[in-house]
Amino acid sequence: MKYETIRRQVLGAILDAAGMGLIHGTSGNIAVRDFQDNVIAITPSGRPYAGLTAEEIAVVDLEGHWLEGPYQPSSETPMHTAVFRARPDVGAAVHTHGLYCTVMAMDGEELKPSTPPQAEFAPIRTVPFELPGSAALARRVVETLGPDRAVLLQNHGCFCVGKDIGAAMTAAVYVEEAAQIACYARLLGTFRPLSEQNIADFKAIIASNQAV
Ligand SMILES: [Zn+2]
């Protein structure tokens with residue numbers, strides 16, 4: 001099987017995401033880049049994830065041309081390929097329709113982190129609604145994400161990236177957690193997210209740990 005490593009990574013991650021409740025049915029999609037050939041493995045379109053095999057994971061080039069796999073690549077491939085083209089540092093992307101991300105994306109505001117582990121992924125801005133699969137959505141995700149790790153998608157979910165699949169999945173987990181905490185705290189009227197200074201201090205700690 002060609003590109004076995006990245007296809008297995010996509011399969012493992014989509015099953016993990018489904019197991020964690022981040023993805024339901026055939027919603028959401030995950031992509032992993034092969035840096036050597038600059039192609040991405042991505043979940044196929046409209047296939048149930050239970051029983052999916054690595055051979056059934058699609059492979060496309062960065063323009064979205066379908067190279068491998070028996071089923072069409074995800075209909076949301078343009079959003080992934082646009083980000084991989086714009087961000088040479090990104091090795092993986094995770095898009096979910098997580099319940100709390102979707103709730104918190106309604107107002108179009110930036111999602112503020114509440115705990116130190118979430119601070120790594122700030123700022124988490126919201127991409128205005130565009131039709132899934134459209135070139136307009138792909139463009140707006142690239143613009144709103146900039147050099148960051150995650151965005152919310154208005155009336156849709158979230159889109160998270162990382163240097164590899166582990167980093168992208170971690171971002172997806174913590175962004176959903178940030179959205180859940182913000183949602184409950186707002187209902188209680190007690191929402192007090194981390195300050196910009198808290199976030200900067202925590203990011204400095206992460207950067208210094210990575211430097212050694
Ligand atoms: Zn979607």
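How many disulfides does a search of the whole structure find? Hi everyone, let me start there. The search comes back with 0 disulfides, and please keep in mind that this is a predicted model.

Take Cys101 to begin with. Its closest cysteine sulfur belongs to Cys158, and at 3.7 Å that is too far for a bond, because a disulfide needs the two sulfur atoms within 2.5 Å. Cys160 is in no disulfide either; for this residue the nearest cysteine sulfur is again that of Cys158, 3.9 Å away. As for their surroundings, Cys101 is buried, with a relative accessible area of 0%, and Cys160 also counts as buried, at 0% relative accessibility.

So what does Val175 touch? Leaving aside residues up to four places away in sequence, Val175 touches Cys101, Cys158 and Cys160, together with Leu111, Phe121, Ile124, Ala150 and Leu152.

That brings me to the nonpolar cores. The largest one has 41 residues, and Val175 is one of the members that touch the most others, along with Ile30, Leu111, Leu152 and Ile165. Several elements each supply at least two residues of this core: helices H1 (4-19), H3 (99-104) and H6 (165-188), and strands S1 (29-34), S2 (39-42), S5 (92-96), S7 (150-153) and S8 (157-162). Which of them gives the largest share? That would be H6, with 10 residues. There is also a second, separate core of 19 residues, and among its members are Ala31, Ile40, Val90 and Val141.

Val141 takes us to helix H5, residues 135-145, where Val141 is buried, as are Ala136, Leu137, Ala138, Thr144 and Leu145. If you are following on the structure, look at what lies against them: the buried residues of H5 pack against helix H2 (77-86) and strands S6 (125-127), S7 and S8. After H5 comes Gly146, with a positive phi near 55°.

One last stop, in a loop. Thr43 sits between S2 and strand S3 (58-61). Is Thr43 buried or exposed? Thr43 counts as buried, because its relative accessibility is 0%. Its contacts, not counting residues up to four places away in sequence, are Val10, Ile14, Gly28, Asn29, Ile30, Tyr49, Pro73 and Ser74. You will recognise Ile30 from the list of residues that touch the most other members of the largest core.

That's my tour, from the cysteines to the cores, the helix and the loop. Thanks for listening, everyone!

Key: Residues numbered from 1 in each chain as written. Predicted model: local features only at pLDDT ≥ 70, side-chain atom pairs only at ≥ 80, totals over all residues. Heavy atoms only, no water. Core = buried A, V, L, I, M, F, W, Y, C linked by side-chain atoms within 4.5 Å. Buried < 20%, exposed > 50% of the residue type's maximum accessible area, 1.4 Å probe, protein only. Helix = DSSP H or I, 4+ residues; strand = E, 2+ residues; numbered from the N terminus. Contact = heavy atoms within 4.5 Å.
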